[in-house]
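Here are my notes for you to read with the structure open beside them. Take the points in order and find each residue as you go.

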Amino acid sequence: MLKPKEINTENKSKKRIYLSSPHMSDEGYEKQYINEAFESNWIAPLGKNVDEFEKELAAKVGIKAAAALSSGTAAIHMALKAAGVGEGDIVFCPTLTFAATANPIIYQNAIPVFIDSDYETWNMSPEALEEAFKKYPKVKAVLVVHLYGLSADMDKIVEICKKHDVQLIEDAAESLGTTYKGRYTGTIGDYGIYSFNGNKIITTSGGGMLVSDNEERIAKVRFWATQARDNARHYQHSELGYNYRMSNVIAGIGRGQLKVLDQRIEKKRYIFDFYKRELGCIDEIDFMPVNDWNKPNCWLTCITLTGKVRPLDVIIRLEEENIESRPVWKPMHMQPFYQHYDYIGSNVSEKIFENGVCLPSDTKMTDEDLYRVVNIIKGLWK
């Protein structure tokens, strides 16, 4: 078994394969919109690209309103604020997620309670959610995540939230283009957020979007996110504001990227199918769950391992060949900052973390690159 101290220096003579890196369009759509911003000298926050990016993304996913913001984290923060979450309020949040999901709860001085996953979706367990409501009947919001592009079991979660009259926020940072029973993730709850970070399925280098059918609340979010400047000739502020609006330049990148979203999803699914075909013959490898009602964007292809070969063995072996991979997210209730907050569940998320690996899923990968990865992994079982 390989140990961390045995890791070799990256083999720089071999082509670097990334986990998930930015992929600009071959057609140069992004440059066209950026050039328009420069030619009009409208590079500062707000402008035509921001307005059009909001409209185009809302039209793509089939929702009424969108606010382009500086990050997906900012979008979650604004969603919580729009939902009325404040000091001392309880927010249910999945434990198996990236810290950016949970951090905005703290920004609002609210209290996160972490909910376990289930094996059927890797996302928030409806059973654990019901159990959490028994312990905490007064909850302000439920924040659900669609992990790695896999949809949560939304019918059950929506039903539970309606029963308890609680607003539902979808963290769809990793799942733009994923559908649940024909509906895009991010459009099923009261609010949805998308991320355009550099590793996401499309990118603006940084940035995010908050979407909702509640047009009045999205208008309010735009106000808050533009320093909450009142409609007055002088600078006047009656509410606390934030500098969260998206730049007109990077919104141009987003408009260009949106044109190739379907191509990127197609390639991500191709990568997942390739790995499953080539590695599915190994009994000790299981793949992330894809259900009949879930059509994921396959942002990252993730596997879990049983037996002697462990996730660290795979990660280190790939690193030795200049190939990037990662562990599955470490659950929030295991993080030093969050370990004192309550957690409801039966440790499913811990087992996924302990046994999980995110394989390189870069949309620029060739078949040669994919064969290189699978042959290295297969070699661990020889």
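1. Let's start with the outside. The accessible surface of the protein comes to about 16,700 Å², and carbon and sulfur atoms account for 49% of that. Keep in mind that you are looking at a predicted model.

2. Now the overall build. The protein has 382 residues, and for that number a compact globule would have a radius of gyration near 21 Å; the protein has 21 Å, so the two agree. Along the principal axes, the C-alpha atoms fill a box of roughly 75 × 55 × 40 Å. Of the 382 residues, 58% are buried. Have a look at the contacts too: among those between residues at least 6 apart in sequence, 72% join residues at least 24 apart.

3. Next, the parts list: you should find 12 helices and 15 strands. Eight of the strands make an open sheet with mixed pairing, in the order β1-β9-β8-β5-β4-β2-β3-β14. Which strands stand at the edges? They are β1 and β14 (343–344), and each has a single partner strand, so one side of each is left without a neighbour in the sheet. If pairing is new to you, strands of a sheet pair through backbone hydrogen bonds, either parallel or antiparallel.

4. Stay with β1, which covers residues 65–69. Is this strand mostly covered or mostly open? Mostly covered: five of its five residues are buried. A65, A67 and L69 point one way from the strand, while A66 and A68 point the other way, and all are buried. So don't mix up two ideas here: β1 is at an edge of the sheet because it has a single partner strand, yet its five residues are buried.

5. That partner is worth tracing. β1 and β9 run antiparallel and are joined by five bridges. One of the residues to click on is A67, whose bridge partner in β9 is L210. On to the next pair: β8 and β9 also run antiparallel, with four bridges between them. Here I193 has L210 as its bridge partner in β9. L210 therefore turns up twice on your tour, as partner of A67 and as partner of I193, and β9 sits between β1 and β8 in the order of the sheet.

6. Follow the chain out of β8 and you get to K200. This lysine is in the loop between β8 (191–195) and β9 (208–212). In UniProt, an unreviewed entry places "modified residue: N6-(pyridoxal phosphate)lysine" at K200, and K200 is also listed there under "active site", again from an unreviewed entry. Is K200 buried or exposed? It is buried, because its relative accessible area is 11%, under the 20% cut-off. Leaving aside neighbours within four places in sequence, K200 is in contact with A173, E174, S195 and W299.

7. Time for charges. Side chains of opposite charge can pair when their charged atoms come close. How many salt bridges does the structure hold? There are 20. Begin with E54 and R245, whose closest N and O atoms are 2.8 Å apart. This pair links distant parts of the chain: E54 is in helix α2 (residues 48–61), R245 is in the loop between α7 (215–225) and α8 (248–258), and 191 residues separate them. Both E54 and R245 are buried.

8. Helix α2 has another one for you. K60 forms a salt bridge with D262, with the closest N and O atoms 3.0 Å apart. K60 is in helix α2 and D262 in helix α9 (residues 261–279), so this pair also links distant parts of the chain, 202 residues apart. K60 is partly exposed, with a relative accessible area of 26%, and D262 is partly exposed at 48%.

9. Last stop on the charge tour. E239 and K220 meet in a salt bridge, 2.6 Å from N to O. E239 is in the loop between α7 and α8, K220 is in helix α7, and the two are 19 residues apart. E239 counts as partly exposed at 32%, and K220 as partly exposed at 23%. Finally, look for K14, R317, E320 and E321, which are linked in a network of salt bridges.

Notes: Residues are numbered from 1 along each chain as its sequence is written. This is a predicted model: local features need pLDDT of at least 70, side-chain atom pairs count only at pLDDT 80 or more; totals for chains, interfaces and linings use all residues. Side-chain values use heavy atoms; hydrogens and water are left out. UniProt positions are given in the numbering used here, feature names are shortened, and annotations may be inferred rather than shown by experiment. Buried means under 20% relative accessible area, exposed over 50%, partly exposed in between (1.4 Å probe, protein chains only). Contact means heavy atoms within 4.5 Å. A salt bridge is a side-chain nitrogen of Lys or Arg within 4 Å of a carboxyl oxygen of Asp or Glu. The radius of gyration is taken over C-alpha atoms; the globule rule is 2.2 Å times the number of residues to the power 0.38. Accessible areas come from the Shrake-Rupley method with a 1.4 Å probe; for residues, only the protein chains shown count as cover. Two strands pair if DSSP finds at least two bridges between them.
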